[in-house]
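Please look over the sequence and the model shown here before reading on. The report below takes up the fold, the cysteines, the pockets and the backbone in turn.

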Amino acid sequence: MGKIILTILVFLIFICVLPSARAENLFIKFYQDHISAINGNRCPMYPSCSSYASRAIEKHGLVLGWVMACDRLVRCGRDEVYQSRTIISKGRKLIYDPVKANDFWWFEKEKK
């Protein structure tokens, strides 16, 4: 529960403070370069949650990208471990969960 509240709080702060998706990606880059580098990459998913957030924001804009990133943080390492396919990256077995696999929640599929 605390993780969800923290995620919502961070989301609200960035919506108020950062005016664009480019500025948001600067925050994610700072996290990846400084915080994650010290803390270590422990994300069980590929791409990592911070890379996923960056890609979602680039593809769908700041608001929807953050919603998708928050959804990913809530799902990280839970049922996805048993339901999604896995890949091997740098000798680690990771759960494959790209942004394009989660677009169906937000957009209708194109009719052929």
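What follows is a description of a predicted model, and its values are computed from the predicted coordinates.

**Overall arrangement**

The chain holds 5 helices and 3 strands, and read from the N terminus these elements follow the order α-α-β-α-α-α-β-β. Of the 112 residues in the chain, 35% are buried.

In soluble globular proteins, nonpolar side chains tend to be buried together. In this model the largest nonpolar core consists of 7 residues, namely Ile28, Ala53, Ile57, Leu62, Trp66, Ala69 and Cys70. The elements that contribute two or more residues to this core are H3 and H4, and the largest share, 4 residues, is supplied by H4.

**Cysteines without a disulfide**

A search of the whole structure returns 0 disulfides. Cys43 takes part in none, although the nearest cysteine sulfur, which belongs to Cys49, is 3.5 Å away. Why is the sulfur of Cys49 not bonded to that of Cys43? The separation of 3.5 Å between the sulfur of Cys49 and the closest cysteine sulfur, in Cys43, is too far for a bond, because a disulfide is counted when the two sulfur atoms lie within 2.5 Å.

Are these two cysteines buried or exposed? Cys43 counts as buried, at 13% relative accessibility, and Cys49 is likewise buried, with a relative accessible area of 13%. Cys43 sits in the loop between H2 and E1. The C-alpha atom of Cys43 is also separated by 7.7 Å from that of Cys76, a residue 33 positions apart from Cys43 along the chain.

**Two pockets**

Rolling a probe the size of a water molecule over the atoms shows where empty space is left. The largest pocket and the second largest pocket are set side by side in the table.

| Pocket | Volume | Classes of lining residues |
|---|---|---|
| Largest pocket | about 820 Å³ | 14 nonpolar, 9 polar and 3 charged residues |
| Second largest pocket | about 230 Å³ | 5 nonpolar, 4 polar and 3 charged residues |

The largest pocket has a volume of about 820 Å³, and of the 26 residues that line this pocket, the closest to its centre are Lys3, Tyr31, Cys49, Ser50 and Leu73. Helix H1 (2–17), helix H2 (21–39), helix H3 (49–60) and helix H4 (62–75) are the elements that give two or more residues to this lining, and the largest share, 7 residues, comes from H2.

The second largest pocket, with a volume of about 230 Å³, is lined by Asn41, Cys43, Met45, Tyr46, Pro47, Ser48, Ser51, Arg55, Ser89, Lys90, Arg92 and Leu94. At least two residues of this lining are supplied by each of strand E1 (45–46), H3 and strand E3 (92–96). Cys43 is thus a residue of the lining of the second largest pocket, while Cys49 is among the residues closest to the centre of the largest pocket.

**An aromatic pair between strands**

How many aromatic pairs does a search of the whole structure find? The search finds 1 aromatic pair. In this pair the ring centres of Tyr46 and Tyr96 are 6.4 Å apart and the ring planes meet at 20 degrees, so the pair is classed as stacked. The pair links distant parts of the chain, with Tyr46 in strand E1 and Tyr96 in strand E3, 50 residues apart. Tyr46 is partly exposed, with a relative accessible area of 33%, and Tyr96 is also partly exposed, with a value of 23%.

**Backbone features in the loops**

Most residues other than glycine have a negative phi, and most peptide bonds are trans. Against this background, two sites in the model deserve a closer look.

The peptide bond that joins Tyr46 and Pro47 is cis, with omega at about -5 degrees. Pro47 is placed in the loop between E1 and H3, and both Tyr46 and Pro47 belong to the lining of the second largest pocket.

The other site is Lys90, whose phi is near 55 degrees, a positive value in a residue other than glycine. Lys90 lies in the loop between strand E2 (86–89) and E3, and at 84% relative accessibility Lys90 counts as exposed. Lys90, too, is listed among the residues that line the second largest pocket.

Terms used. Residues numbered from 1 in each chain as written. Predicted model: local features only at pLDDT ≥ 70, side-chain atom pairs only at ≥ 80, totals over all residues. Heavy atoms only, no water. Buried < 20%, exposed > 50% of the residue type's maximum accessible area, 1.4 Å probe, protein only. 1 Å grid on protein atoms, 1.4 Å probe; cavity = no way out; pocket = protein on both sides within 12 Å on 5 of 7 lines; lining within 4 Å. Points joined across faces, edges and corners; volume = space filled by probe spheres on them. Nonpolar A, V, L, I, M, F, W, Y, C, P; charged D, E, K, R; others polar. Phe/Tyr/Trp six-rings, centres within 6.5 Å; stacked < 30°, edge-to-face > 60°. Core = buried A, V, L, I, M, F, W, Y, C linked by side-chain atoms within 4.5 Å.
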